[in-house]
Structures are given as C-alpha cells and as structure tokens.
Amino acid sequence: MGHKLAAVFGHELPRMILTAGIINNNKIPFRPFLDREAANQIIPYHTTLFQWDRQQDIFYLQKMADLTFTPCSLIAEEFAIMNSTGYSYLLFVRLTPGDGFQQLCESVTAVTGRPLENYLRVTLSVSKEQKLIRNQYKALTKSVKLPITLPVHGLELFHIWEPVQRVRRITTAGNILIPD
C-alpha cells in the first residue's frame, strides 16, 4: 500500500455509533505489519476515493497538490456486514452520492487522470469476533434510522504503511501539506 485519498466526515458518524451504544470499536481492517490501534487514532471515518502503491508515489503525490474541494454530501443508505482480511468481519454503511459529490469525483479524476473507487462505504467496525459485529449491526439498525445525509467535510490524504500519517488536508480553506 502507498497512499489513500479519502472523503472525511464531521461528527455525524461518531454520534451515530455512540447513539447505538457502540464503544471501543476499531474501524481499521487487519493487515500485516499495521498497528491498527495507532491507525484507528489517526484515520477518521471516511470513504476511500483513490489509493495507489508506493511505486506510484512521486507521480500521484505531485498531483495531490493541485486538488481543490467543494462542499458535497453522501447518503448513508444501509448497514451491512462482510468478511474482511485476516479472518475478520467488517461492519459498514453503504453510501450513495449526494449533492455535489459527482462534481467532486469529476474534479479529482481530472487531476489524477484515473477514475475513483466505485464502491462507496464507510467502515464502522472490524473484529475477528463475528458475534460482536452482529450485535453492533443489530444495535445500529435498531437505533439509527437511515437514510441520513452525511456532509463531506474535506479530503484527506493518508500515508498507509507504518507509521500511518495524515499527509495532506484539502478543505474549502485550501490544500494544506501537513508537516512530518
């Protein structure tokens, strides 16, 4: 893995999860050589738009400086569970484009020259305990009524190997490189 460009959200998703009584969840999938706890503290709830391998860093990192952000939203449509890496289970919410999201995707594609991920979702929790994930799913479906509009607060670029780092934040205030 190299870097990940993600659309990030404000406090709506953490509030939704707390409303359902879910605490101590880790939203980072199991990966070899990845400190999930540290990554969970750095990477907020997000949907991945674009990612690339380390070999492509020079090419894509230069392009990231040209990105701009315009406000948009995504619609949280449905909670679901799927199998994940490392014999684990992933609880997520499926998303559909909301106001302005298609225009954001087109502007990112114009800068990168590559289409974005086409499966929109936000990982809410990952565990090797299937019962835990099923209980979290039941709590969410019982306490949170979907669909919900989720405003996208900006784009963030993450370096996703050890150590996990936030590299760049792109909001209506500008495109900011975050120092090491």
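Which residues in H4 are buried? I would like to begin there, keeping in mind throughout that what we are looking at is a predicted model. In H4, the buried residues are Phe 101, Leu 104, Cys 105, Val 108 and Thr 112. They cover an arc of only 100 degrees around the axis, which puts them on the same side of H4.

As for what that side meets, the buried residues of H4 pack against strands E1 (3-9), E2 (46-52), E3 (72-84), E4 (88-97) and E6 (148-159), and also against helix H3 (57-64). The helix itself covers residues 101-112, and at 1.5 Å a residue its twelve residues should span 16 Å, which agrees with the 16 Å that separates its end C-alpha atoms. Just after H4 comes Gly 113, whose phi is positive, near 75 degrees.

One of those buried residues is a cysteine, Cys 105, and that brings me to the sulfur atoms. How many disulfides does a search of the whole structure find? The search finds zero. For Cys 105, the closest cysteine sulfur is the one in Cys 72, and because the distance is 7.6 Å, it is too far for a bond, given that a disulfide would need the two sulfur atoms within 2.5 Å. Both residues are nonetheless buried, Cys 105 at 13% relative accessibility and Cys 72 at 7%.

Let me turn now to the backbone, where two places in loops deserve a careful look. In the loop between helix H5 (130-143) and E6 we find Pro 147, and the peptide bond that leads from Leu 146 to Pro 147 is cis, with omega near 5 degrees. The other place is Tyr 87, in the loop between E3 and E4, which has a positive phi of about 55 degrees although it is not a glycine. Is Tyr 87 buried or exposed? Tyr 87 has a relative accessible area of 78%, so it counts as exposed.

Finally, I would draw your attention to a pair of strands, E7 (residues 165-171) and E8 (residues 174-177), which pair in the antiparallel sense over four bridges. Going from E7 to E8, the chain passes through a hairpin of two residues, and if you would like to find one of the bridges on the screen, Arg 169 has Ile 176, in E8, as its bridge partner.

How values were computed:
Residues are numbered from 1 along each chain as its sequence is written. This is a predicted model: local features need pLDDT of at least 70, side-chain atom pairs count only at pLDDT 80 or more; totals for chains, interfaces and linings use all residues. Side-chain values use heavy atoms; hydrogens and water are left out. The expected span of a helix is 1.5 Å times one less than its number of residues. Buried means under 20% relative accessible area, exposed over 50%, partly exposed in between (1.4 Å probe, protein chains only). The arc is that of the directions from the helix axis to the C-beta atoms. Contact means heavy atoms within 4.5 Å. Two strands pair if DSSP finds at least two bridges between them.
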